[in-house]
Amino acid sequence: MMVIMTMMVSVFLMLVSDFAIAASLVGALCHDKVNFNCYTVKRNDSWKTLFPDSEKRDLVMRLNRMNTSLYRGIKIAVPKNLDTANSMDFAPLPKTISPPGEKIIYVSINPDILAWGAYNARGILQAWGPASGGRGWCPDIHHGCHTVIGKFAVYQKEGAGCVSRKFPVGRGGAPMPYCMFFHGGFALHGSYEVPGYNASHGCVRLFVPDAKWLNLEFVGDENVPVIISNSTLSNKL
């Protein structure tokens, strides 16, 4: 009984820590009262009711790094210029880097960034989006589940029907649409559970449309380099 209670407390503390990390990212934006409004979600609010226009809704979701359902009391940052803004205005990664000579996918799982960026060979940012890496400790597998850090390359990809062979534990079948494996069982893949903090078993979760674009339009048949970092990105790699 004591072991179970200890495990429950540990899980609770991890959840509190995750929510605190998410709140800190949004809090930094909310602190910028010149450019953002900070909205506290009310009962029965949803992304669609708050932002009926799909493009505006997508922008706010990207800004807050989450596509999960809203719940009462959570705070979200909303650009004051929402009517005229586009997602590239809020890219958390440099618009240009030193030309890599080939296109690359850069992913920062730093809690203050939580984003991917697609750069062309000249080092110009083509697109970006939210990312969620490994949460660090996963109770269901009883050990760490950090995302690997380093430079890799996409070596295998699948389409909309890609699923996990390992999770849920003992069954497999968790959706991983448009998966792009870059190191062992680690993949970039689409998910409807990008919560604004690192929450996966080690893969990098992306918004599903982002994973689809990367998979079909950016990666193609090439072994595109994937750089996974836990820091911010300078203009040099």
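A pocket is here an open set of grid points with protein on both sides within 12 Å along at least five of seven lines, and its lining residues are those with an atom within 4 Å of a point. The exercises below concern a predicted model.

**Exercise 1. Describe the largest pocket by its volume, its lining and the elements that contribute to this lining.**

Solution. Begin with the volume: about 780 Å³ of space lies in the largest pocket. Next, take the lining, which is made up of 32 residues, with Phe167, His189, His201, Cys203 and Arg205 lying nearest the centre of the pocket. Then turn to the elements: β7 (143-145) and β11 are those that give two or more residues to the lining of the largest pocket. Finally, sort the lining by residue class, which gives 15 nonpolar, 12 polar and 5 charged residues.

**Exercise 2. Locate Ser200, decide whether this residue is buried or exposed, and find its contacts.**

Solution. The position comes first: Ser200 belongs to the loop that runs between β11 (186-190) and β12 (204-206). For the second step, the cut-off for a buried residue is under 20% relative accessible area; Ser200 counts as buried because its relative accessibility is 2%. In the third step, follow the side chain of Ser200, which reaches the backbone oxygen of Cys203 at 2.5 Å. Beyond the neighbours within four places in sequence, Ser200 is in contact with Ser132, Gly133, Gly134, Arg135, Cys138, Cys145 and Arg205. Among these contacts of Ser200 is Arg205, and Arg205 is also one of the residues that lie nearest the centre of the largest pocket.

**Exercise 3. State how many salt bridges the structure holds, and work out which parts of the chain the pairs Lys56 and Asp83, and Asp210 and Arg62, tie together.**

Solution. The structure holds 4 salt bridges. In one of them, the side chains of Lys56 and Asp83 meet with an N to O distance of 2.7 Å. Lys56 sits in helix α3 (residues 54-63) and Asp83 in the loop between β2 (75-79) and β3 (104-108), so this pair ties together parts that are 27 residues apart in sequence. As to accessibility, Lys56 is partly exposed at 28%, whereas Asp83 is exposed at 64%.

Now consider Asp210 and Arg62, which form a salt bridge whose closest N and O atoms are 2.5 Å apart. Asp210 is found in helix α4 (residues 208-219) and Arg62 in helix α3, so the parts tied together by this pair are 148 residues apart in sequence. Both Asp210 and Arg62 are buried, and the two residues are linked with Asp58 in a network of salt bridges.

A further pair is Arg165 and Glu158, with closest N and O atoms 3.7 Å apart; here Arg165 is exposed at 67% and Glu158 is partly exposed at 24%.

**Exercise 4. Follow α3 from its start to the residue after it, and then place Asn44 and Leu114, which have positive phi values.**

Solution. At the start of α3, a side-chain oxygen of Asp53 comes to within 3.1 Å of the backbone nitrogen of Glu55. Within α3, the buried residues include Arg57, Leu59, Val60 and Met61. After α3 comes Arg65, with a positive phi near 60°.

Asn44, with a positive phi near 75°, lies in the loop between β1 (36-40) and α2 (47-50) and is exposed, its relative accessible area being 72%. Leu114, which is not a glycine, has a positive phi of about 45°; this residue lies in the loop between β3 and β4 (115-119), and Leu114 is buried at 0% relative accessible area.

How values were computed: Residues numbered from 1 in each chain as written. Predicted model: local features only at pLDDT ≥ 70, side-chain atom pairs only at ≥ 80, totals over all residues. Heavy atoms only, no water. Helix = DSSP H or I, 4+ residues; strand = E, 2+ residues; numbered from the N terminus. Buried < 20%, exposed > 50% of the residue type's maximum accessible area, 1.4 Å probe, protein only. Polar contact = N/O pair within 3.5 Å; in protein donor to acceptor, adjacent residues only side chain to side chain. Contact = heavy atoms within 4.5 Å. 1 Å grid on protein atoms, 1.4 Å probe; cavity = no way out; pocket = protein on both sides within 12 Å on 5 of 7 lines; lining within 4 Å. Points joined across faces, edges and corners; volume = space filled by probe spheres on them. Nonpolar A, V, L, I, M, F, W, Y, C, P; charged D, E, K, R; others polar.
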